[in-house]
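Let's take a walk through this structure together, one piece at a time. Have the viewer open and follow along as we go.

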Amino acid sequence: METATNVEATPKNSTRKPIKISEAIVEIVSDSGEGAQKCGQSLGAISAKMGNGVWTVEIIPAEIQPPARSRAGASGIRVRIGSKKVTNMGDHAQLVVAFNEQVLFGRVTQRAYKPGTVLIIENKWANDPTEKIRNEYHEALTHFKEIGADVIEIPMEEECLKVVRDARKGKNMWVLGMLSFIYSRDKEKAENQIHRIFKKKGDKVILPNVELFRAGYQWAQANLDLHFEIPAMETDEEMVVMNGNEAISFGVMAAGIDVCSMYPITPATSASHHLAEAIHSVGGIVHQAEDEIAAIGFAIGSSYSGKTAVTITSGPGIALKTEFIGLAVMAEVPLVIVDVQRGGPSTGLPTKVEQGDLLAVLYGDPGDAPKVILAPSSIEECFHFVILARKLAESFRTPVFVLSDANLATGVSPFPRPKINEEWFALPIDQSPWKEGVRSYDWSDDTGLSQRPIPGMKDGMYTLTGLAHDEESHVAYDPAINQRSAEHRSRKIAALQQSLKVPKVNGDEEGDLLLIGWGSTKGAIEEAVEKARAAGYNVSNLHLHFLSPLEPGIKEIMQKFKKVVAVEINYSDVVGRPLITEENRRHSQLAFYLRAVTLIDIDSYSNVFGQPMSPMRIFRMIERTFKLYNKQKEENS
Amino acid sequence: MIGIKADLTELELPEVYYSIGDYGSSTARWCPGCGAHAILASVQKLCREEQLPPEKTVFVSGIGCSSRFPHYMKTYGFHGLHGRALPVAEGVKFRRPDLDVFVITGDGDCCSIGAGHWIHAIRYNVNMVVLLFDNEIYGLTKKQTSPTSPVGTHSNTHPEGSFLPPINPIQSTLGFTNVSFVAQTADWHPAHLYSTIKKAHEHQGLSFVRILQRCPIWMKDGFTSCASEPKSLTLLDHSNGIELDDQVRKSFEQVIEHNPSDIDKAREFVELEDGSLPIGLFYQNEDAVRYDKYGAHNLNMPVNQRLDGLNEQLDKYAI
C-alpha cells in the first residue's frame with residue numbers, strides 16, 4: 001500500500017498539483033479544551049462525505065483538565081483517511097499538528113510517530129515572555145529533530161489573531177482550513193460542516209469560524225509545500241458516522257429494548273449517555289442504578305416481567321455482576337449484557353483497550369453457567385449485534401453478552417445507514433393465558449429450550465429461583481434434577497451452535513500460517529494479512545464473532561494450516577523471558593480456550609500496552625514467524 | 001350495599017372469586033412456631049380481601065428463611081439473590097405498573113448485605129410493599145449475629161455475646177431521603193399485622209413495614225418471649241394510622257397518640273423509654289416523589305412512532 005511517509009516537499013506555487021496518496025494518518029494534539037477533537041472530527045466527517053474511508057480516534061488524557069503544556073496531558077485526535085474503507089487507527093502518524101510542543105512527548109513515548117513524521121508546531125512559544133517556556137520549546141524541537149521528525153514551525157496564533165480577538169477559541173478551525181488545503185478537502189463540504197457543527201450557536205459563531213477556516217486554507221496554500229490528494233470512491237449510499245458506543249446505543253433502540261439499567265463506568269458509559277439522550281424518542285428509559293449489582297438486578301427484574309433489558313458495563317462491573325449473571329443463567333432470564341472491555345485486572349487502564357474479559361465472562365461464574373457470547377468486530381457490528389443479542393436472549397431464554405472494547409467504543413467511522421426494520425423490535429409483552437399442562441421450565445429434550453411464563457399471563461404462575469429447580473420451578477431436593485437441568489441449559493447452547501455457519505477464512509483456506517482473532521482487532525489483522533500476502537507470505541486469518549457457542553468447523557479450518565496464532569489484546573507469556581518455558585507459559589485468552597476445545601497447539605501473540613493492535617506490529621510478527629519457520633525447516637533438512 | 005342499588009345490572013360482579021386456597025402453593029417449610037407462618041396467613045388474607053388477581057401479583061425475595069415466602073404463594077414469584085430483592089422488584093415494576101409487587105426480605109438480607117439497595121429503594125419510592133421479617137438473627141445459616149441482634153446475643157459468630165449496638169431499621173428508614181411510609185408490627189398480633197399490611201398495600205409509594213418476628217429456634221429470648229407478654233408492645237395510634245377495631249385497640253395497655261404526618265415525633269418514638277416495642281404507623285407521606293411514575297413514561301409506544309423516532313435520531317449522525 002502506498003503511503004505518505006517520507007514526505008517530499010513540492011515547490012511552492014499556487015498552481016502546483018497535489019501528490020496522490022492512498023491514505024493519510026493525521027493527528028491534532030493540544031491541551032484539553034482547545035478544540036483539537038472538534039477539528040479532527042470535522043476533518044473526518046468532510047472526508048467521509050467525499051467518499052473516503054475514515055477512522056478517527058480521540059486521544060484522551062487520564063484527567064479531565066490536566067495542567068496546560070504537560071507532557072502526559074495530550075488531548076487530541078487521530079484521523080486516518082483512505083481511498084478505501086478504513087477499519088482501524090493504523091500505525092504511525094504521518095502528519096501531526098500540535099498547539100504546543102510539550103503534548104507531543106506523550107505521543108512520542110507511545111510510539112505514535114516515526115522518523116519522517118511531519119510535526120507542524122505552533123511557534124508562539126518561541127517568543128513566550130517566560131524564559132522557562134522558551135527554553136522548553138527549543139529543547140523539545142531539538143529533541144524532535146534528533147529523533148528524525150520533520151519539524152515545521154508555523155504562526156497559528158498570529159494568523160488567527162488577524163481574524164478573531166481570542167485565538168484560543170478558533171485555532172482549531174484555522175487548522176481545519178490548513179489541513180483541508182494539505183489534503184485537498186472539498187471546500188464547500190468543509191464550510192457546510194462548519195455550519196452544521198455551530199448551527200445551534202447561530203451566525204455570530206458560524207461566520208468567524210468560516211473566516212478562520214478560509215484563512216487557514218489560504219495561509220497553507222501560500223506557505224506550505226505539503227499538498228496531497230486522497231482519491232475517494234464516490235458513492236450514493238446513505239452513510240452515518242458514529243463511534244462504537246453510539247452504535248451500541250442505536251442497536252439497543254433498534255432492538256426495541258425499553259430499559260437500559262446502568263451504573264457509570266469508563267469506557268462504557270458514553271453508550272448510556274447517548275441512550276439517555278435518545279431513548280425517549282423510541283419509548284424507552286435509562287435507569288441509573290445505585291451500583292453495578294443493582295443495575296443488573298433491575299435489568300433482570302425488567303426482563304422477568306417481560307421487557308428484556310440491557311445493562312452496559314466494563315470489566316470491573318462484570319466482576320460485581322457475576323452472581324446475578326449466574327442467576328440469569330440458572331433461572332433462564334433473557335438479558336443483554338454489553339461489556340465494553342478496558343485494561344484489567346482491578347481498576348487497570350480505565351480508558352485503554354484490552355480484550356481481557358473473555359475467560360471471565362465464559363467461566364467467571366461458580367458452577368456451570370453456559371451463556372451466549374458475541375463479539376462485534378466493527379462499529380457497524382456493534383449496532384447489529386445488539387439486535388441479534390436480544391433475539392437470541394429471548395429465543396434461547398438466556399443472558400447474551402456483547403463484548404465490545406475501548407477501541408470500538410472511541411473509534412469513529414462511517415458505515416451504510418441501517419434501514420430500520422420493525423421486525424427488529426421486541427414484540428409487545430405476551431399476556432395470553434398460559435397453556436394448560438405446560439410447565440414453567442418444560443425443557444425440550446431435543447434442544448433444552450422451553451417457553452417462559454410472564455407475569456400477567458393467567459395460570460402461568462411460578463416462582464423463579466436461583467436454587468436448583470425442576471421443570472415446575474420447584475426447589476430440587478433430588479440430585480438427579482440438578483444434573484438434568486444443567487444438561488438442558490447446556491444443550492441450548494449446542495442448539496444455537498447447530499444453527500451457525502462455518503466462518504469464512506480471509507485468504508487461502510489452507511497454507512502455512514493462520515491468524516485467529518475476535519472482536520475489535522479484525523481490521524488491523526486483515527490489513528496486516530493482506531500486506532503480508534502481497535509480500536509473498538502464505539498467511540490467512542479467521543475472525544470469530546461467536547465466542548459461545550463457537551462457530552462450527554473451526555478445528556477443521558485450523559488443521560489445514562501448519563501453524564495457528566491467536567492475535568488478541570490481552571496478556572500472554574513469551575517463551576524465552578526469564579523463567580518462561582513452553583511448559584509453564586500462560587497463553588492469551590482465546591488461545592487458551594481454543595487449545596482446550598480443539599487440542600491444537602495454538603500460539604499466542606498478544607500484549608497489554610493498552611493500545612489497539614497495529615497492523616505493523618502484526619505484520620512484523622508474521623515476518624518473524626516465517627523467518628523462524630524457514631530456519632527450522634533448513635535445520636531439519 | 002346491594003340493598004341501596006335499585007338496578008342490580010349495574011353492579012360489577014367479578015367473574016371469579018379467589019379464595020384463600022387460590023393463593024396457597026406448597027406447604028410452608030418453616031419451623032413450627034416461626035413467626036413467618038402468621039405473616040403468610042395475613043398476606044394471603046389480604047390477597048383474598050382485595051381479590052388480587054394471582055397472575056398480576058408478584059412476590060420478590062432475597063435469600064434467607066423469610067425469602068422462601070414466594071414459593072408458598074400461588075402468584076408470580078422471584079426468589080433471587082441474597083440482599084438483592086429490592087433492585088429486582090424495582091425492575092419488575094418499572095415498566096409494568098399493572099403488577100402488584102411485594103418484597104419479602106429479612107434483617108440480614110435488607111440491613112446487612114443489601115443495605116445499599118435499602119437506602120436507594122426508599123429514595124426511589126417505587127409503589128410496592130416491602131415486608132422486613134426481622135427476627136434479629138441469621139436463621140437459615142444457623143445462628144449468626146445479624147445487624148439487628150441485641151447487644152449480648154450469643155451466636156455462632158459471637159459466642160461470647162455480640163457487642164455492637166444493633167441497627168434499628170425504623171430509625172434508619174426514617175432517616176433516608178424521600179421516605180414515604182414506615183410502619184412496625186408484630187407477627188404475634190394478627191389483627192395489627194393484617195391491618196398494617198393492608199394499610200401498606202393501600203399506600204401509593206414504597207411502604208416499608210418492619211415485622212417483629214419470632215424465631216423460637218435461635219432467639220428464644222428475643223421476640224419469642226415478648227409474644228406472651230402483653231406489656232411488651234405499645235400502640236402508636238391515630239385516626240390516620242393503622243385501622244383497628246375498638247376492641248383490639250382496648251387490648252393494648254400502652255397507647256401513644258401519634259400523627260403519622262409528623263416525622264420528627266416519629267423519630268422520637270422509634271425507641272421508647274420503658275423499653276416496650278412501638279407498633280403502628282410511624283410516618284406516611286403520599287406526596288413523596290415516585291420513581292415508578294418516571295419509569296412508566298412512554299409505555300408501549302406504537303411501532304410507527306418508534307420507527308420515526310429512531311430515524312430522527314439517526315438523521316443526526318447522517319453524513
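Start inside chain A, at a pair of side chains you can pick out quickly: Glu332(A) and Lys492(A) meet in a salt bridge, with 2.9 Å from N to O. Keep in mind throughout that this is a predicted model.

Where does that pair sit? The domain assignment splits chain A into domain 1 (19-229), domain 2 (241-424), domain 3 (432-499) and domain 4 (505-636). Between domain 2 of chain A and domain 3 of chain A, the rule finds one salt bridge. Polar contacts add to the picture here, with nine residue pairs across that interface, both partners at pLDDT 80 or more. On the domain 2 side, the elements of chain A that give two or more residues are α10 (292-304), α11 (315-330) and α13 (379-396). Sort that side by class and you get eleven nonpolar, five polar and three charged residues.

Now zoom out a little on the same two domains. The C-alpha centres of domain 2 of chain A and domain 3 of chain A are 25 Å apart. In terms of contacts, 19 residues of domain 2 touch 24 residues of domain 3. Together the two domains bury about 1,900 Å², and 62% of that is on carbon and sulfur atoms. Within domain 2, the residues that lose the most area to domain 3 are Tyr304(A), Met330(A) and Arg397(A), which together make up 39% of what that side buries.

Next, move along to a sheet in chain A. Five strands line up in the order β18-β20-β19-β22-β23 (chain A), forming an open sheet with mixed pairing. At the edges you'll find β18 (505-506) and β23 (603-606) of chain A, each of which pairs on one side only. Strands of a sheet pair through backbone hydrogen bonds, in either a parallel or an antiparallel sense. For a parallel example, look at strand β19 (residues 511-518) of chain A and strand β20 (residues 539-544) of chain A, which are joined over six bridges. One spot to check by eye is Trp518(A), whose bridge partner in β20(A) is Leu544(A).

Strand pairing also takes us over to the other chain. Strand β17 (residues 463-465) of chain A is joined to β2(B) by three bridges, and the two run parallel. Here Leu464(A) stands opposite Phe78(B) in β2(B).

So what does the rest of that interface look like? In all, 54 residues of chain B are in contact with 66 residues of chain A. The area buried between the two chains is about 5,300 Å², with carbon and sulfur atoms giving 61% of it. Tyr76(B), Tyr317(B) and Ile319(B) supply 16% of the area that chain B buries against chain A, more than any other three residues.

There are charged links as well: the count between chain B and chain A is four salt bridges. Glu55(B) and Lys458(A), for instance, meet through their side chains in a salt bridge of 3.6 Å, N to O. Polar contacts across this interface come to 33 residue pairs, both at pLDDT 80 or more. On the chain B side, the elements giving two or more residues are β2 (76-79), α2 (85-94), α4 (115-124), α10 (291-295) and α11 (303-315) of chain B. Of these, α11(B) brings the largest share, ten residues. By class, the side of chain B that touches chain A divides into 24 nonpolar, 17 polar and 13 charged residues.

Terms used
Residues are numbered from 1 along each chain as its sequence is written. Chains are lettered from A and ligands numbered from 1 in the order in which they are written. This is a predicted model: local features need pLDDT of at least 70, side-chain atom pairs count only at pLDDT 80 or more; totals for chains, interfaces and linings use all residues. Side-chain values use heavy atoms; hydrogens and water are left out. Contact means heavy atoms within 4.5 Å. Buried area is the accessible area (1.4 Å probe) that two parts lose on being put together, summed over both. A polar contact is a pair of N or O atoms within 3.5 Å; within protein, one must be able to donate a hydrogen and the other to accept it, and residues adjacent in sequence count only if both atoms are side-chain atoms. Helices (H or I, at least four residues) and strands (E, at least two) are DSSP runs, numbered from the N terminus. Ala, Val, Leu, Ile, Met, Phe, Trp, Tyr, Cys and Pro count as nonpolar, Asp, Glu, Lys and Arg as charged, and the others, Gly among them, as polar. Two strands pair if DSSP finds at least two bridges between them. Domain bounds come from an automatic or database domain assignment.
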